[in-house]
Amino acid sequence: MTDGLPDKRQVAASFSRAAASYDSVAALQRAVGSALLDRLPEGFAPERWLDLGSGTGHFSRALAERFPAAEGIALDIAEGMLRHARPLGGARRFVAGDAERLPLREASLDLIFSSLAVQWCADFAAVLGEARRVLRPGGAFAFSSLCVGTLQELRDSWQAVDGFVHVNRFRRFEDYRQLAEDSGLRLLGLARRPETLHFPDLRSLTHELKALGAHNLNPGRPGGLTGRARILALIDAYERFRQPEGLPATYQVVYGVLQK
Ligand SMILES: C[S@@+](CC[C@H](N)C(=O)[O-])C[C@H]1O[C@@H](n2cnc3c(N)ncnc32)[C@H](O)[C@@H]1O
């Protein structure tokens with residue numbers, strides 16, 4: 001199901017471009033990362049942590065505050081995000097790298113924290129394998145991600161207009177469970193929590209996705225300009241989902257905690 005994920009260079013370029021706008025529209029991302037922090041095992045005191053897919057570094061700074069004696073690494077595939085985050089501190093080192101091939105030594109970390117990044121990795125088994133390799137015994141991998149059902153309203157609306165995949169593909173929740181169970185790490189917890197945002201109109205939603213760097217980058221997306229007639233058809237299709245609070249955009253958030 002993840003075979004339609006965009007090329008990593010495109011992902012990196014898209015997030016690099018979004019570095020300056022990301023924080024202004026990241027309310028859901030903030031809430032999800034905070035909920036993930038709350039899921040860390042009680043009394044956990046890592047000496048070395050990694051913020052994997054650290055973005056603008058908000059949670060690197062939160063981790064530094066929570067574990068003041070520890071040494072942190074912020075790692076992201078997007079150089080633009082690292083450039084934005086570096087002057088703001090939090091981590092001791094800011095490293096460009098890929099979650100599927102970590103440029104880190106084995107058994108060198110006590111905690112890997114990763115909020116809303118691994119949905120961009122086609123090979124989650126590789127991410128888990130890397131977590132297992134770089135964690136010390138007793139170390140934890142805490143992640144949040146997105147699964148099937150995310151942005152379903154947008155996907156269904158586009159489907160009604162032209163049948164193309166205009167929304168990034170997401171793994172099934174069951175696949176997260178299976179891969180976690182097969183990872184060789186101990187699964188301490190796995191949960192799915194739907195979150196629904198509301199927008200006054202479709203333009204606000206697509207603007208937000210672009211500002212986050214998370215708009216569709218699928219290879220199957222149609223190229224070229226989006227014609228006015230198609231946009232009007234899309235607006236019409238999405239209006240069918242309207243609720244009293246506005247146009248809903250559902251995110252199916254996955255939280256997982258594993259231990260080596
Ligand atoms: C939605 S942002 C989340 C940023 C931050 N964790 C937060 O919660 O605010 C996703 C981040 O993951 C990064 N990312 C995507 N694919 C990655 C990969 N394969 N390896 C490392 N980072 C990746 C992106 O560049 C982006 O900065």
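The lining of the largest cavity in this predicted model has 23 nonpolar, 13 polar and six charged residues. That cavity has a volume of about 650 Å³, and a search of the whole structure finds one cavity of 30 Å³ or more. Here is a friendly tour of the cavity, its walls and the ligand: the space that the ligand takes is the largest cavity.

**The cavity and its walls**

- The largest cavity is lined by 42 residues, and the closest to its centre are Phe15, Leu116, Ala117, Gln119 and Trp120.
- Several helices give two or more residues to this lining, namely α1 (8–22), α2 (27–38), α3 (58–66) and α8 (202–212).
- The strands that give two or more residues to the lining are β1 (48–52), β2 (71–76) and β4 (109–115).
- Helix α1 provides the largest share of the lining, with four residues.

**The shell around the ligand**

- Which residues are the closest to the ligand? Of the 19 that surround the ligand, they are Gly53, Asp76, Asp98, Ala99 and Ser115.
- By class, the shell around the ligand divides into twelve nonpolar, five polar and two charged residues.
- Helix α1 gives the largest share of this shell too, with three residues.

**Polar contacts and cover**

- Asp76 places a polar side-chain atom 2.6 Å from an oxygen atom of the ligand.
- Asp98 also uses its side chain, where an N or O atom is 2.9 Å from a nitrogen atom of the ligand.
- Ala99 takes part through its backbone, with an N or O atom 2.9 Å from a nitrogen atom of the ligand.
- How much of the ligand's accessible area does the protein cover? On its own the ligand has 590 Å² of accessible area, and the protein covers 97% of it.

**Putting it together**

- The ligand takes the space of the largest cavity, and α1 gives the largest share both of that cavity's lining and of the shell around the ligand.
- Asp76 and Asp98 are among the closest residues to the ligand, and each has a side-chain atom at a short listed distance: 2.6 Å for Asp76 and 2.9 Å for Asp98.

Definitions and conventions. Residues numbered from 1 in each chain as written. Predicted model: local features only at pLDDT ≥ 70, side-chain atom pairs only at ≥ 80, totals over all residues. Heavy atoms only, no water. 1 Å grid on protein atoms, 1.4 Å probe; cavity = no way out; pocket = protein on both sides within 12 Å on 5 of 7 lines; lining within 4 Å. Points joined across faces, edges and corners; volume = space filled by probe spheres on them. Nonpolar A, V, L, I, M, F, W, Y, C, P; charged D, E, K, R; others polar. Near = heavy atom within 4 Å. Polar contact = N/O pair within 3.5 Å; in protein donor to acceptor, adjacent residues only side chain to side chain. Areas by Shrake-Rupley, 256 points an atom, 1.4 Å probe, with all protein chains shown as cover. Sits in = over half its atoms within 2 Å of the grid points.
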